[in-house]
Every structure is written in structure tokens, then in C-alpha cells.
Amino acid sequence: MQRVLELRPELIQAMVETFAMIGVAIPLAVLLGTPLGIWLFVHAPGSIAPQPKLHAVVSGLVNMLRSFPFLILLIAIIPLTRLLVGTTVGTAAAIVPLTINAIPYFARLVEQNISQLGSGAVEASRAMGATRRQIIRNVLLVDARAGIIGSITITTVSFISYSAMVGLVGGGGIGDFAIRYGYYRYETVVMFVAVVLMVALVSAVQWGGNFLARVADKRI
């Protein structure tokens, strides 16, 4: 443990970098992924305002980005990363692929959350003369809020693990710390501490997300 104490400043810095990556990528994913998920639901065939051809194109792009292996995406968009943040290494550079991957991931979850509500509430609202905007804001998002909070939790947990992967390319964070000090230098205790911190962070996020989802679920 003496070695861990010696590396405490680096460990604290790694935690800060992980929080920075998640603290930027996830809010951006929620901000941009939520309207994209709503759009996918609204314009799906048989939905409120179907646009089958355009929906097929957008849905295909979402699926492609969502299923793209993260490490390959990380490397493939290096020119875009350099254009946006001026560098391809470090925390700022890691945020770009994390965000690009998180947006379609979260959008698909939002679409699923809304789709699971069924058509009853939507049909009742339309029968009462509600506009599309009113249906989305006052019916769909309200009824799906617990599920959306759960989706935010799932996305955050998943991308905490993704943030560890960027350590392979010098992206900073706990993953980078574990690789540099634990793996390359064969310091098992340091690696163990890094793993414990990641597990603790994931557990805290999962517990907090579950609690908020229960609070928001009006069925409980």
C-alpha cells in the first residue's frame, strides 16, 4: 500500500479525468440523444408522424454508430478529434469519441423507453386535440421519465468502462493509470486499487440511478 500512497496525486488526477470525461460525454448524450430518440419514435412506420424512408436512413446510421467497436471508432475519428480539440491524446480528446458513441446509444434507449408505453395514452391525447408537441412533452416524456433515468444510468455505467479503454491511447483517467502503473510496471496492488475504484464508482452510479428511477416512477 505504500506504493499506492506514493501515487496518490496521480490517482486523484486520474479520478478527476474520469469524472471529466463522463461529466461531459453523458450530459451531451442526454441533450442530443433524447431528441434523436424521440424523433426515431415519432417518425417510425405506424407512429405519430411516420416517415418510413427517412426513418430507415436515420435508424441505420444510429445502429451503425451504436454497434461500432469503440476502440476502432476511437482510432477512426482521430482526424475529427484533432480538428475539434486540437489534439489526439488526453482527456479532451477522449471526450469526442465517447460522446459520438454515447449519443446513438442513448437515443436508441430513449426510443425503446417511449415505445414500451403503448399507444393508448397517445391515442387518447390525439382524440382530445393535443398537438404533437404536447403529446411528446406532456404524455410521452412524463410517462417514460423513470425509464429514461434508468437509461441514463445504464449509459453512464457503460461509458465508465469505455472511459477506461481510452487509457490504451493515452486518454487519461483510471484506465490510463491502471495501464501505466499497474500493467506496464507489474504493480499488482496498484492495479487492484484502480479496479476497486472503478467498481465503487459504477456501484455508486447504479445505486443513485435506481433510486432516482424509483422516485420518478409514478406507478410506485
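In this predicted model, W207 has a relative accessibility of 58% and therefore counts as exposed, the threshold being over 50%. Its partner F211 is partly exposed, at a relative accessible area of 39%. The two rings make a stacked aromatic pair, with 5.7 Å from centre to centre and 5 degrees between the planes. Both residues belong to helix α11 (residues 188-216), where a spacing of four residues separates W207 and F211 by about one helical turn.

The search for such pairs across the whole structure returned four of them. Another is formed by Y105 and F159, whose ring centres lie 5.5 Å apart; the planes meet at 85 degrees, so this pair is edge-to-face. Here the pair links distant parts of the chain, since Y105 sits in helix α6 (residues 91-115) and F159 in helix α9 (residues 145-165), 54 residues apart. Both Y105 and F159 are buried. These two residues also belong to one aromatic cluster, together with F70 and Y162.

Turning to helix packing, helix α2 (residues 8-42) packs against helix α8 (residues 132-143) at an angle of about 110 degrees, and the axes are 12 Å apart. The two helices are therefore roughly perpendicular to each other, and α2 passes α8 in a right-handed crossing. On the α2 side, the contact involves I38, F41 and V42, which meet R132, I136, L140 and L141 of α8. By residue class, this contact comprises six nonpolar residues and one charged residue, with no polar ones.

Definitions and conventions
Residues numbered from 1 in each chain as written. Predicted model: local features only at pLDDT ≥ 70, side-chain atom pairs only at ≥ 80, totals over all residues. Heavy atoms only, no water. Axes fitted to C-alpha atoms, helices over the stretch in contact; angles between N-to-C directions. Parallel < 35°, antiparallel > 145°, perpendicular 65-115°, else oblique. Left-handed = near helix turned anticlockwise from the far one by under 90°. Contact = heavy atoms within 4.5 Å. Nonpolar A, V, L, I, M, F, W, Y, C, P; charged D, E, K, R; others polar. Phe/Tyr/Trp six-rings, centres within 6.5 Å; stacked < 30°, edge-to-face > 60°. Buried < 20%, exposed > 50% of the residue type's maximum accessible area, 1.4 Å probe, protein only.
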